[in-house]
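I opened my notebook to keep track of what I look up in this one. Pull up a chair and read along.

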Amino acid sequence: MDGHTLKTARCVSNPGVYRAGWMEQLLIKGGKVVNDDLSVEADVYVEDGVVQQVGPNLNPEPLTGLFVLDATNRLVIPGGIDTHTHMQFPFMGSRSKDDFYSGTKAAIAGGTTMIIDFAIPQKGCSLIEAFDTWKSWADPKVCCDYSLHVAVTWWSSKEEMKTLVQNKGVNSFKMFMAYKDIYMLNDEELYEAFCCCKELGAVAQVHAENGELIAQKMLAMGITGPEGHALSRPEEVEAEATQRAISIANAVNCPLFVVHVMSKSAGKLISNARREGKSPNSFCVCAMALEKGSWKTQHSISVLLVMGAIALRT
């Protein structure tokens with residue numbers, strides 16, 4: 001399918017999901033359907049992109065326009081949802097390599113049928129305008145379903161957050177504890193944002209790092225290359241920021257999702273908090289593809305790996 005010619009429409013059952021074009025009727029015959037609870041040989045009937053029936057020997061009517069796909073001796077697996085991507089993201093004078101066409105085309109090739117990207121405004125800019133901008137980039141290009149988180153990069157956004165939840169279908173907001181003077185919120189702003197998420201019934205996400213320490217330590221030493229990305233993020237720094245985010249969220253009883261957890265210490269803090277009845281969740285990534293010593297010796301490669309968000313099956 002050509003992602004450049006696909007049209008998207010808002011999903012009626014979930015107004016925050018924008019759906020790519022689908023064939024009208026599809027019958028997948030004879031495969032083994034794999035769900036979370038069991039695997040069973042069955043047919044799957046899909047109409048307008050929505051699974052309507054799962055069972056043996058399905059014969060939907062009418063047959064006109066029905067596309068039949070033989071899945072004998074194959075697994076039929078629900079499409080993956082990648083909840084954290086950055087397509088054609090403008091960032092510090094650069095832009096992420098994949099746009100919404102190439103990124104979602106690759107996603108589908110790997111079995112991912114929906115992504116959730118991030119609309120990220122500059123400080124002082126409108127959250128709603130950022131949402132509309134990202135949507136205008138995605139709509140003419142996407143090959144799969146998509147939705148958008150929205151980042152809160154400065155605090156005076158309560159009314160816009162309310163509008164995004166009530167009118168645009170947004171149900172999660174991301175706050176940065178890194179990128180000082182660009183995206184970072186201080187603790188007071190985090191508290192206000194978490195309170196607003198709690199009031200709106202939205203999930204708060206955090207990028208848990210210590211932006212002050214990163215700025216002071218590396219820039220003061222004159223380290224501005226890709227090697228500074230690893231050196232400025234020792235394990236205890238991520239753990240400190242993760243604990244701080246959990247404490248602030250717990251103070252207002254706000255659901256919290258800690259994104260791209262990198263260290264054992266941070267993961268342990270999240271696990272302990274959940275055992276205590278608090279509400280943080282997380283996902284982990286394996287991002288250090290190069291050994292520490294190769295940040296300098298392989299500069300042309302390592303600079304490309306400082307920030308990446310490829311659509312993967314999750």
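**Entry 1: Thr-242**

I began with Thr-242, which is found in helix 7. The model is a predicted one, so I keep that in mind for every entry below. Is Thr-242 buried or exposed? I looked up its relative accessible area and got 0%, so Thr-242 counts as buried, the cut-off being under 20%.

Next I asked which residues Thr-242 is in contact with, leaving aside its neighbours within four places in sequence. The list I got is Ala-208, Val-258, Ala-266 and Ile-270. For Ala-208 I also checked the spacing: this residue and Thr-242 are 34 residues apart in sequence, and their C-alpha atoms are 5.4 Å apart in space.

**Entry 2: the cavity**

I then searched the whole structure for cavities of 30 Å³ or more and found one. The volume of the largest cavity is about 60 Å³. Which residues line the largest cavity? I wrote down Ile-246, Ala-249, Asn-250, Asn-253, Cys-254, Leu-256, Lys-278, Ser-279 and Pro-280.

Helix 7, the home of Thr-242, turned up again here. This helix spans residues 235-251 and gives the largest share of the lining, three residues. Sorted by class, the lining of the largest cavity has five nonpolar, three polar and one charged residues.

**Entry 3: the nonpolar cores**

How many residues does the largest nonpolar core have? I noted 54, and the ones with the most contacts inside this core are Phe-173, Met-175, Phe-194, Val-206 and Leu-256. Helix 2, residues 127-138, supplies the largest share of this core, six residues. I also jotted down a second, separate core of eight residues, with Leu-26, Val-44, Val-46 and Val-76 among them. As background for myself: in soluble globular proteins, nonpolar side chains tend to be buried together.

Leu-256 is a name I had already met, in the lining of the largest cavity.

I picked Met-175 for a look at its partners, not counting residues up to four places away in sequence. Met-175 touches Val-152, Leu-185, Leu-190, Ala-193, Phe-194, Cys-197, Ala-204, Gln-205, Val-206 and His-207. Two of the names from the core list, Phe-194 and Val-206, are in that set of partners.

**Entry 4: Glu-189**

Where does Glu-189 lie? I found Glu-189 in helix 4, residues 187-200. Not counting residues up to four places away in sequence, Glu-189 touches Trp-155 and Met-184. I also took the C-alpha spacing to Val-152, a partner of Met-175: Glu-189 and Val-152 are 9.5 Å apart in space and 37 residues apart in sequence.

**Entry 5: Pro-60**

I moved on to Pro-60, found in the loop between strand 5 (50-55) and strand 6 (66-70). Is this loop residue buried or exposed? Pro-60 has a relative accessible area of 7%, which means buried. Beyond its neighbours up to four places away in sequence, Pro-60 touches Leu-27, Tyr-45 and Leu-66. Between the C-alpha atoms of Pro-60 and Tyr-45 I computed 7.6 Å, with their positions 15 residues apart along the chain.

**Entry 6: two positive phi values**

I checked the backbone for positive phi in residues other than glycine, and noted Gln-88 with phi near 40 degrees. Gln-88 lies in the loop between strand 8 (80-85) and strand 9 (90-91). Its relative accessible area is 7%, so Gln-88 is buried.

His-260 also went into the notebook, with a positive phi near 30 degrees. His-260 lies in strand 15, residues 256-261.

**Entry 7: the chain as a whole**

I finished with the totals. The secondary structure of the chain comes to 10 helices and 16 strands. Buried residues make up 44% of the 314 residues. The accessible surface comes to about 16600 Å², and 54% of that belongs to carbon and sulfur atoms. Finally, I looked at contacts between residues at least 6 apart in sequence, and 70% of them join residues at least 24 apart.

Definitions and conventions
Residues are numbered from 1 along each chain as its sequence is written. This is a predicted model: local features need pLDDT of at least 70, side-chain atom pairs count only at pLDDT 80 or more; totals for chains, interfaces and linings use all residues. Side-chain values use heavy atoms; hydrogens and water are left out. A nonpolar core is a set of buried Ala, Val, Leu, Ile, Met, Phe, Trp, Tyr and Cys residues joined through side-chain atoms within 4.5 Å. Buried means under 20% relative accessible area, exposed over 50%, partly exposed in between (1.4 Å probe, protein chains only). Helices (H or I, at least four residues) and strands (E, at least two) are DSSP runs, numbered from the N terminus. Contact means heavy atoms within 4.5 Å. On a 1 Å grid over the protein atoms alone, a cavity is a set of points where a 1.4 Å probe fits but cannot get out, and a pocket is an open set with protein on both sides within 12 Å along at least five of seven lines; lining residues have an atom within 4 Å of a point. Grid points are joined across faces, edges and corners, and a volume is the space filled by probe spheres set on the points. Ala, Val, Leu, Ile, Met, Phe, Trp, Tyr, Cys and Pro count as nonpolar, Asp, Glu, Lys and Arg as charged, and the others, Gly among them, as polar. Accessible areas come from the Shrake-Rupley method with a 1.4 Å probe; for residues, only the protein chains shown count as cover.
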